[in-house]
Amino acid sequence: MPLNVCIRPLPRAVLTVLTALALTATALTPSAAAAPRPGRTVVHTDKGAVRGVDHGEVIEYSGIPYAAPPVGDLRWRPPRPADRWRGVRDAGTAGPDCAQSTVYFRPGKPASEAEDCLYLNVWRPAGVRRPLPVMVWIHGGSYAFGAGADFAPRDMAVQGGAAIVTINYRLGALGFLAHEALDSGGSSGAYGIQDQQAALRWVRRNARAFGGDPGNVTIAGWSAGGASVCTHMISPPARGLFHRAISQSGVYGAGACETRPADAAAGQGRAFAQALGCADTTDAAACLRAKPVAALARAQASQTWSPALGGRTLPLDPATAFRSGRFARVPVLTGTTANESAIYVYEATDAIGQRLTAEDYEAGVRGAFGAAADAVLGRYPSGARPHPASTLSALLTDQGFACGQRRWNRAIAPRVPTYVYEFADPGVPVELIVRPSFPLGAFHQTDLFYLWGVFNPAGRRTPAQDRLAARMIGYWSAFARTGSPGAQGGPRFPRYKAGDPVLRLHPNGDTVDTAFGTAHQCDFWDTL
């Protein structure tokens, strides 16, 4: 079987090992919630009143507009303020998902052609009167899939004593197309990031109405959402909009968030316009804005997206910004899962009925690493583990996630309080359609099942896993509250420093690990 499958978001060097696969693997399904109570709660925002739903321990407000619909002439423009409304707006239903195609890891979610999608949802514990820390959750999905309503963070709200905000933002070409005809003051190619910042400004204006503290806002995200958190840390317009940052599996190879260089993004934009018949018009912007969403979806189907550098939103390359200290000086909680890439390898092999052979593995490594392939194969020989797929998973996890994470840790820790974890539960209760031929372990996204109201309904956690979930919620919520992730029942969460201390999260107990870099061969990867 030729190994020719693409996975996002891995470093570009590895994209030649694995070429055309979506970002995650198992179903993202919100946790089951208690039936809503008849009683409802009205809150007054700066644009009008909203009526939420009382679920007992938690009150939910869904589908609140934080910006004007980016439709018509507002397509591919920075977000504008939402209009006011009269009376009390019902906030019992989430807003439409931003335009995206169907994808298997969002079962039951149809494709969306909605451009009127800039809505957010708020979850807060009932009956709490003190100002609550606010956590703004940014979903992942390769900057092309997902929605705030994929998550139901009731446990984080109730057990963590926090107000949780989940958001939508423009995806794919609508969120990240860079083109000179669309450029308005250097904003082209980062509309999705600007949407997230508009949501943060909404939080600053409205947090108190929901019991939250606008002076204590944590941005948190996973995968592309974790990369977004990293991006906001170097974006000048985001300064002052948040006070702490949590990035889960969001930092990759070079040790910073994934972005596109301005010239590469512009080239992609020109090719995209040409594919839509808008290359030779006298007004490419009008031509592009006249295209139906379905046409945009077809044109973007085989492309990948991330924020474009340049302009006022992202004037600096992330790696340069972090190395030089030009980033927001806020405490950071960050980390990875122990076997991030296992699910990608599974999707490229077992899930499509093809087993990875030792010959396929070696050919893929040689194609990806060229002159360095012998050194890589010396560290990761195909026979090092019982199955070549396990070896490939370890290689991609180390090169693509763990060692990029360590580079970022080392860049930011001398300047801001930094706390690093590795989620290492090898038995997260998820079920896959095709039985894997090799152990997947703690793969990409499995930490979500313990924190953010996402789980596979066929799976059931053990009592030890329930205790791990409670500890993790304790760490995350303590960090949001104080900037230090202490939690009752767990060890001291060490601040990152020389020796690379990482808190290893495991059902049998959390331990401080100083061998993270050795286990993932990061000194070797740093030489390549």
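Four exercises with worked solutions follow, on a predicted model.

Residues are numbered from 1 along each chain as its sequence is written. In this predicted model, local features need pLDDT of at least 70, side-chain atom pairs count only at pLDDT 80 or more, totals for chains, interfaces and linings use all residues, and side-chain values use heavy atoms, with hydrogens and water left out.

**Exercise 1. Helix packing**

Task: Determine how the axes of H10 and H12 cross, and which residues meet.

Solution:
- Step 1. Locate the helices: H10 covers residues 358-369 and H12 covers residues 388-412. Helices (H or I, at least four residues) and strands (E, at least two) are DSSP runs, numbered from the N terminus.
- Step 2. Take the axes, which are lines fitted to C-alpha atoms, for helices over the stretch in contact; angles run from 0 to 180 degrees between N-to-C directions. The two axes come within 9 Å and cross at roughly 25 degrees.
- Step 3. Classify the angle. H10 is therefore roughly parallel to H12 (angles under 35 degrees count as roughly parallel).
- Step 4. Assign the hand. The crossing is left-handed, meaning that the near helix is turned anticlockwise from the far one by less than a right angle.
- Step 5. List the residues. Ala 358, Tyr 361, Val 365 and Phe 369 of H10 meet Pro 388, Thr 391, Leu 392, Leu 395 and Gln 399 of H12. Contact means heavy atoms within 4.5 Å.

**Exercise 2. Salt bridges**

Task: Count the salt bridges in the whole structure, then place two of the pairs in the chain.

Solution:
- Step 1. Apply the criterion: a side-chain nitrogen of Lys or Arg within 4 Å of a carboxyl oxygen of Asp or Glu. The search finds 16 salt bridges.
- Step 2. Take Arg 205 and Asp 46, with closest N and O atoms 2.6 Å apart. Arg 205 sits in helix H3 (residues 191-206), and Asp 46 in the loop between strand S1 (42-45) and strand S2 (48-51), 159 residues apart.
- Step 3. Check burial (buried is under 20% relative accessible area, exposed over 50%, partly exposed in between, with a 1.4 Å probe and protein chains only). Arg 205 is partly exposed at 45%, and Asp 46 is partly exposed at 23%.
- Step 4. Take Asp 500 and Arg 406, bridged at 3.4 Å, N to O. Asp 500 lies in the loop between helix H14 (463-482) and strand S13 (502-505) and Arg 406 in H12, so the pair ties together parts 94 residues apart in sequence.
- Step 5. Check burial again. Asp 500 is buried at 8%, and Arg 406 is buried at 3%.
- Step 6. Extend to the network. Arg 406, Arg 407, Arg 410, Asp 500, Asp 523 and Asp 526 are linked by salt bridges.

**Exercise 3. A buried acid without a partner**

Task: Describe the surroundings of Asp 447.

Solution:
- Step 1. Place Asp 447 in the loop between strand S12 (418-423) and helix H13 (448-451).
- Step 2. Look for a partner. Asp 447 is buried and has no salt bridge; the nearest side chain of opposite charge, Arg 461, is 11 Å away. Lys and Arg count as positive, Asp and Glu as negative; His and the chain ends are not counted.
- Step 3. Follow Arg 461. Arg 461 forms a salt bridge with Asp 466, at 2.8 Å between the closest N and O atoms.
- Step 4. List contacts beyond four places in sequence. Asp 447 touches Trp 222, Gln 248, Thr 337, Tyr 421, Phe 423 and Met 472.

**Exercise 4. A second residue of H12**

Task: Decide whether Asp 398 is buried or exposed.

Solution:
- Step 1. Place Asp 398 in helix H12.
- Step 2. Read the relative accessible area: 4%, so Asp 398 is buried.
- Step 3. Compare sequence and space. Asp 398 and Gly 253 are 145 residues apart in sequence and 9.1 Å apart, C-alpha to C-alpha.

Terms used
Parallel < 35°, antiparallel > 145°, perpendicular 65-115°, else oblique.
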